[in-house]
Amino acid sequence: MKKVLFFLALSFSIPLAAQEYGSVSQVPDYAVLKTKMKLDDVVTKADTPAEFPGGKEAFKKQFSEKMDIIDVKSRQINTRVYFIIEKTGYVRFVTSISDNKQHGQAAETAVRRLFVKWKPAMINGEPVRYLYTFPLTLKKY
């Protein structure tokens, strides 16, 4: 029963936020990210942001299907998953910052399991490397 409740809570509580940072160095977790990712030429804002095939709702649905169900003992979890969408549309350098290590690892694995080519971000009609931030919140009732 706990697993079912967890899955339902997860699938209905995943907020997707728009990119709100001007440059990569303004990302709240920049110090950690620069040790885990190659951030050369990466942007967080573009004329046309990177897009998952089918849009945000399709991403949320597929992400929730790929995420392993884990036993969470805390009442609330805040995780941010970061990944770079390359000029080719492929995802690289998936990492997470989380107050629950197990939850962060499960979220990273779920993104890696999505073998889907994204529509790359564009600036002046040219594809660019794009840092995608995916906030994931879990609240148990």
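In this predicted model, Phe 83 is a residue from which much of the fold can be followed: setting aside neighbours within four places in sequence, Phe 83 is in contact with Met 37, Phe 59, Val 91, Arg 92, Phe 93, Val 94, Val 111, Trp 118, Tyr 130, Leu 131, Tyr 132 and Phe 134. Together with Phe 63 and Trp 118, Phe 83 touches the most other members of the largest nonpolar core, a set of 22 residues. Two or more residues of this core come from each of helix 3, strand 2 (76-85), helix 4 (101-112) and strand 5 (126-139), and the element that gives the most is strand 5, with five residues. A second core, of nine residues, lies apart from the one just described and includes Met 37, Val 42, Tyr 82 and Leu 131. In soluble globular proteins, nonpolar side chains tend to be buried together.

The wider setting is as follows. The protein has four helices and five strands, which from the N terminus on run in the order α-α-β-α-β-β-α-β-β. Of its 141 residues, 43% count as buried, while the area that the protein exposes comes to about 8,000 Å², with carbon and sulfur atoms supplying 53% of it. Among the contacts with a sequence separation of 6 or more, 76% are made by residues 24 or more positions apart.

Strand 2, one of the contributors to the largest core, is mostly covered, with seven of its 10 residues buried. Strand 2 pairs with strand 3 (residues 91-98) in the antiparallel sense, over six bridges. Two of the residue pairs can be named here: Arg 80 has Ile 97 in strand 3 as its bridge partner, and Val 81 has Ser 96 in strand 3. The hairpin formed by strand 2 and strand 3 has five residues between the strands, and in this hairpin Gly 89 takes a positive phi near 100°.

Helix 4, another contributor to the largest core, has 12 residues and reaches 17 Å from its first C-alpha to its last, which is close to the 16 Å expected at 1.5 Å a residue. The buried residues in helix 4 are His 103, Gly 104, Ala 106, Ala 107, Glu 108, Ala 110 and Val 111, and Val 111 is also among the contacts of Phe 83. As background to such a list, an α-helix has 3.6 residues a turn, so residues three or four places apart point the same way.

Helix 3 offers two polar residues that can be set side by side. Ser 64 is found in helix 3 (residues 56-66), and Ser 64 counts as buried because its relative accessibility, 6%, falls under the 20% cut-off. A polar atom of the side chain of Ser 64 lies 2.8 Å from the backbone oxygen of Lys 61. Gln 62 also has its place in helix 3, but Gln 62 counts as partly exposed because its relative accessibility is 28%, between the limits of 20% and 50%. Not counting residues up to four places away in sequence, Gln 62 touches Phe 52, Leu 114 and Val 116. Gln 62 can also be placed relative to Ala 110, from which it is 48 residues apart in sequence and 8.7 Å apart in space, C-alpha to C-alpha; Ala 110, in turn, is one of the buried residues of helix 4.

Definitions and conventions. Residues are numbered from 1 along each chain as its sequence is written. This is a predicted model: local features need pLDDT of at least 70, side-chain atom pairs count only at pLDDT 80 or more; totals for chains, interfaces and linings use all residues. Side-chain values use heavy atoms; hydrogens and water are left out. Buried means under 20% relative accessible area, exposed over 50%, partly exposed in between (1.4 Å probe, protein chains only). Contact means heavy atoms within 4.5 Å. Accessible areas come from the Shrake-Rupley method with a 1.4 Å probe; for residues, only the protein chains shown count as cover. A polar contact is a pair of N or O atoms within 3.5 Å; within protein, one must be able to donate a hydrogen and the other to accept it, and residues adjacent in sequence count only if both atoms are side-chain atoms. A nonpolar core is a set of buried Ala, Val, Leu, Ile, Met, Phe, Trp, Tyr and Cys residues joined through side-chain atoms within 4.5 Å. Two strands pair if DSSP finds at least two bridges between them. The expected span of a helix is 1.5 Å times one less than its number of residues.
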